[in-house]
Amino acid sequence: MRTMAAVFYAPRQPIRVEEVNLSDPKSGEVLVRVAATGACHSDYHAVDGHTKAAAVPLVMGHEAAGVVEKVGPNVTAFKAGDNVVFAIRPMCGKCKYCSTNRPNLCNGIKAKPGFMVDGTQRFSKADGTPLFHGLATFSQYTVVPEWTLVKVRDDVPIEKLASIGCAVVTGVGAVVNTAEVKPGSTVAVYGCGGVGLNVIQGAVIAGASRIIAVDIAASKFKFAKMFGATDTVLASETDPVKAIVDMTDGGVDYAFEVIGKPATVRQAFESVCAGGTACMVGVPPTDGEVTIPMRPLFLDRKLIGSSAGTGRPRHDFPWFIELYLQGRLKLDELQTRFRPLTEINEAFQDMLSGTVARTIIKP
Ligand code: APR
Ligand code: ZN
């Protein structure tokens with residue numbers, strides 16, 4: 001079939017929206033109509049050169065929800081018409097990690113980045129040149145392995161669930177699954193983008209007492225407060241470490257870095273009290289390194305990483321939907337703006353301008 005898709009060619013160049021070919025799902029694969037997909041900074045990291053794309057030209061996009069259009073041979077868990085949310089990590093269900101409740105670290109599937117596990121691709125350019133792709137949700141249709149999809153209830157409009165598979169599970173999961181924030185704790189959150197806002201609402205769910213939002217853009221604080229921040233620190237004007245240490249008489253119990261920069265990982269570490277935990281959520285730059293002072297570490301402090309929120313998609317996604325329906329998880333407030341796929345570059349500009357929580361693409 002033919003579909004419109006957003007293709008990344010090279011850093012610091014506009015993403016191109018093109019008509020491309022998409023072949024039928026093979027064994028164990030599913031063709032999904034993408035209903036809504038978020039413009040997440042993880043994709044933009046390749047555009048601004050923070051990380052290196054695994055292979056180019058690449059059909060981008062990973063944060064999405066949609067409807068099953070057609071299933072390939074040997075698919076038993078899905079059928080046409082099913083509502084699905086994409087999980088950003090594959091889950092083989094068999095490896096050490098999947099068997100110990102850490103499917104976010106699954107290493108049982110040996111596919112080269114940009115390829116399906118059989119070593120071929122489903123997307124190609126109009127002239128037949130193969131295109132690399134992961135979940136490839138910046139497209140009207142995509143073909144993915146069934147192990148990356150989570151079937152969800154069909155009585156919630158599927159567009160509402162676009163960000164569950166990335167921003168929500170990464171943010172809320174970092175708080176509840178990775179750091180296991182205890183009720184009554186104090187929390188600081190560096191970076192109030194789409195993911196950081198979900199760290200904030202995760203801290204609300206965990207019963208944190210104070211939730212201090214840190215950002216360099218003051219425009220982000222209206223979103224941060226909406227999601228549950230109790231205090232804000234404008235890091236472009238105030239030293240956030242000093243402010244947090246002063247406000248909490250020695251530092252917060254937990255600090256989350258949700259930007260992906262060495263300097264802010266260090267600031268997060270320096271913001272926690274003795275015995276406290278700093279958690280890196282932002283995607284590090286390719287070859288990024290961070291240094292931390294040893295004396296503070298000696299006082300029972302922890303610096304930990306959180307990957308895809310230590311999420312267990314088949315358990316956590318239905319839980320998030322349940323919370324949403326009960327009014328205990330904000331999803332509507334995350335969708336500040338909708339754009340068509342042709343405005344993918346503008347969607348990333350929205351993100352950089354600080355004017356949105358998330359821009360959602362409806363391809
Ligand atoms: N100090 C404080 N805040 C900062 C700083 C800084 N030095 N630099 C940037 N920020 C803020 C931005 O102003 C923005 O509000 O961090 C926020 C980042 O948000 P987004 O660009 O919306 O990114 P998001 O999609 O939330 O992703 C954040 O998490 O999952 C990862 O790959 C993702 O690394 C990325 C991070
Ligand atoms: Zn993402």
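**Ligand 1 and strand β14 in a predicted model**

Modeller: Around ligand 1 there are 19 residues, and those that come nearest are H41, S42, H45, D215 and V283. The model is a predicted one.

Colleague: What makes the pair formed by H41 and ligand 1 a polar contact?

Modeller: A polar side-chain atom of H41 is 2.5 Å from an oxygen atom of ligand 1. The cut-off for a pair of N or O atoms is 3.5 Å, so this pair qualifies as a polar contact.

Colleague: Which distances are found for H45 and for V195?

Modeller: An N or O atom in the side chain of H45 lies 2.7 Å from an oxygen atom of ligand 1. For V195 the partner is a polar backbone atom, 2.9 Å from an oxygen atom of the ligand. Both values are within 3.5 Å, and therefore both pairs count as polar contacts.

Colleague: How much of the area that ligand 1 exposes when taken alone does the protein bury?

Modeller: Taken alone, ligand 1 exposes 740 Å², and the protein buries 90% of that.

Colleague: Which elements give two or more residues to the shell around ligand 1?

Modeller: They are α1 (41–47) and α3 (194–205). The most comes from α1, which gives three residues. By class, the shell holds seven nonpolar, eight polar and four charged residues.

Colleague: Why is G193 called partly exposed?

Modeller: The relative accessible area of G193 is 22%. Buried would require under 20% and exposed over 50%; the value falls in between, so G193 is partly exposed. This residue lies in the loop between β11 and α3.

Colleague: How do you know that β11 and β14 pair?

Modeller: At least two bridges are needed for two strands to pair, and β11 (residues 186–190) and β14 have four, so they pair, in the parallel sense. In this pairing V187 stands opposite Y254 in β14.

Colleague: What makes β14 and β15 a pair?

Modeller: β14 and β15 (residues 272–280) are joined over five bridges in the parallel sense; the requirement is at least two, so these strands pair as well. Here E257 stands opposite M280 in β15. Between the two strands the chain passes through helix α6 (residues 262–270), and this β-α-β crossover is right-handed.

Colleague: Why is β14 described as mostly covered?

Modeller: Strand β14 spans residues 252–257, and five of its six residues are buried. Buried means a relative accessible area under 20%, so the strand is described as mostly covered because five of the six residues fall under that cut-off.

Note on methods. Residues are numbered from 1 along each chain as its sequence is written. Chains are lettered from A and ligands numbered from 1 in the order in which they are written. This is a predicted model: local features need pLDDT of at least 70, side-chain atom pairs count only at pLDDT 80 or more; totals for chains, interfaces and linings use all residues. Side-chain values use heavy atoms; hydrogens and water are left out. Buried means under 20% relative accessible area, exposed over 50%, partly exposed in between (1.4 Å probe, protein chains only). A crossover is right-handed if, with the strands pointing away from the viewer, the path from the first strand over the helix to the second runs clockwise. A residue is near a molecule or strand if one of its heavy atoms lies within 4 Å of it. A polar contact is a pair of N or O atoms within 3.5 Å; within protein, one must be able to donate a hydrogen and the other to accept it, and residues adjacent in sequence count only if both atoms are side-chain atoms. Accessible areas come from the Shrake-Rupley method with a 1.4 Å probe; for residues, only the protein chains shown count as cover. Ala, Val, Leu, Ile, Met, Phe, Trp, Tyr, Cys and Pro count as nonpolar, Asp, Glu, Lys and Arg as charged, and the others, Gly among them, as polar.
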